[in-house]
Amino acid sequence: MITAVIIAVVVIAAAAVLFVGLRRARGGGRGLKSRFGPEYDYTVARHDGDVRAAEQELRERVRLHGSVKAEPLPPGARERYVAQWAGVQEQFVESPQQAVTEADALLARLARDRGFPDGERFEEQIGALSVHHGHAVHGYRSVHTAVRGQGGTEEMRTAMVEARRLFDALVAEHATDSTRQHTKPATAARGNTTWALPRRHAKGSGTS
């Protein structure tokens, strides 16, 4: 009788531990989905649907880069970046390939200036960015891919439009710690909530 009771207690305790573990695992998955947004689905797809492997990678990113704190931009830097991005947008009409190349470099510099890893180590930089801007990094990755000539003009246009989201996120925060004032996003400052490139193709450019 006593043996049966002991066995029952052990079984119940094991079931309780398993239940708690499963709840934590599911909760962790929901937390990662919420934090990383589209980046979560991208990572799962890159692991051929292996959710466990994808979540392990994302947790590792959080471990490595979760403590990164965005550095304030120096005075005047935000305005320069906004002007440079506007120039890249205008350049796209005549030279899409050159525009995405410059957009890629500009985002790398901006991320570096905000305290993220240097753009020369792209995977490390975008991994860190994904921890803090998971809903906005896809466009940067697409632009980086387009620099290597993968995709036509329409793909480059889409990449540029999506990359604007990360650009806005990085320049929208307050410029200096001393002011403790939040600046308006670049799109708001220019009177736009959604920026779109014209679909005019450059001469000699490929189309999708």
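**Notebook: helix 5 and two buried residues**

I began with helix 5 and looked up what lies over its buried residues: the cover includes helix 4, helix 6 (122–133), helix 7 (138–147) and helix 8 (153–172). I note that the model is predicted.

**Helix 5.** I listed the buried residues of this helix. They are Pro96, Ala99, Val100, Ala103, Asp104, Leu106, Leu107, Ala108, Leu110 and Ala111. I kept one general point beside the list: an α-helix has 3.6 residues a turn, so residues three or four places apart point the same way.

I then checked the length. Helix 5 covers residues 96–113, which is 18 residues. At 1.5 Å a residue the expected span is 26 Å, and the end C-alpha atoms are 25 Å apart, so the two values agree. After the helix comes Gly115, and I noted its positive phi, near 100°.

**The whole chain.** I stepped back to see what surrounds this helix. The chain has nine helices and zero strands. Read from the N terminus, the order of elements is α-α-α-α-α-α-α-α-α. The chain has 208 residues, and 37% of them count as buried.

I also looked up how far apart in sequence the contacting residues are. Among contacts with a separation of 6 or more, 66% join residues 24 or more positions apart. For the surface, I wrote down about 12,000 Å² exposed, with 55% of that area supplied by carbon and sulfur atoms.

**Arg78.** I went next to helix 4, residues 77–92, where Arg78 is found. Which side chain of opposite charge is nearest to Arg78? It is Glu79, at 4.4 Å. A salt bridge must be within 4 Å. Arg78 is buried and has no salt bridge. I looked for another partner and found the backbone oxygen of Val171, which lies 3.0 Å from a polar atom of the Arg78 side chain. Val171 falls within helix 8 (153–172).

**His65.** My last entry is on helix 3, residues 51–65, which holds His65. Is His65 buried or exposed? Its relative accessibility is 11%, and the cut-off for buried is under 20%, so His65 counts as buried.

I looked up what His65 touches, leaving out residues up to four places away in sequence. The list is Pro117, Glu124, Gly127, Ala128, Val131 and His132. I also noted the pair His65 and Leu129: the two are 64 residues apart in sequence, with their C-alpha atoms 8.4 Å apart in space.

Technical notes:
Residues are numbered from 1 along each chain as its sequence is written. This is a predicted model: local features need pLDDT of at least 70, side-chain atom pairs count only at pLDDT 80 or more; totals for chains, interfaces and linings use all residues. Side-chain values use heavy atoms; hydrogens and water are left out. Helices (H or I, at least four residues) and strands (E, at least two) are DSSP runs, numbered from the N terminus. Buried means under 20% relative accessible area, exposed over 50%, partly exposed in between (1.4 Å probe, protein chains only). Lys and Arg count as positive and Asp and Glu as negative; His and the chain ends are not counted. A polar contact is a pair of N or O atoms within 3.5 Å; within protein, one must be able to donate a hydrogen and the other to accept it, and residues adjacent in sequence count only if both atoms are side-chain atoms. The expected span of a helix is 1.5 Å times one less than its number of residues. Contact means heavy atoms within 4.5 Å. Accessible areas come from the Shrake-Rupley method with a 1.4 Å probe; for residues, only the protein chains shown count as cover.
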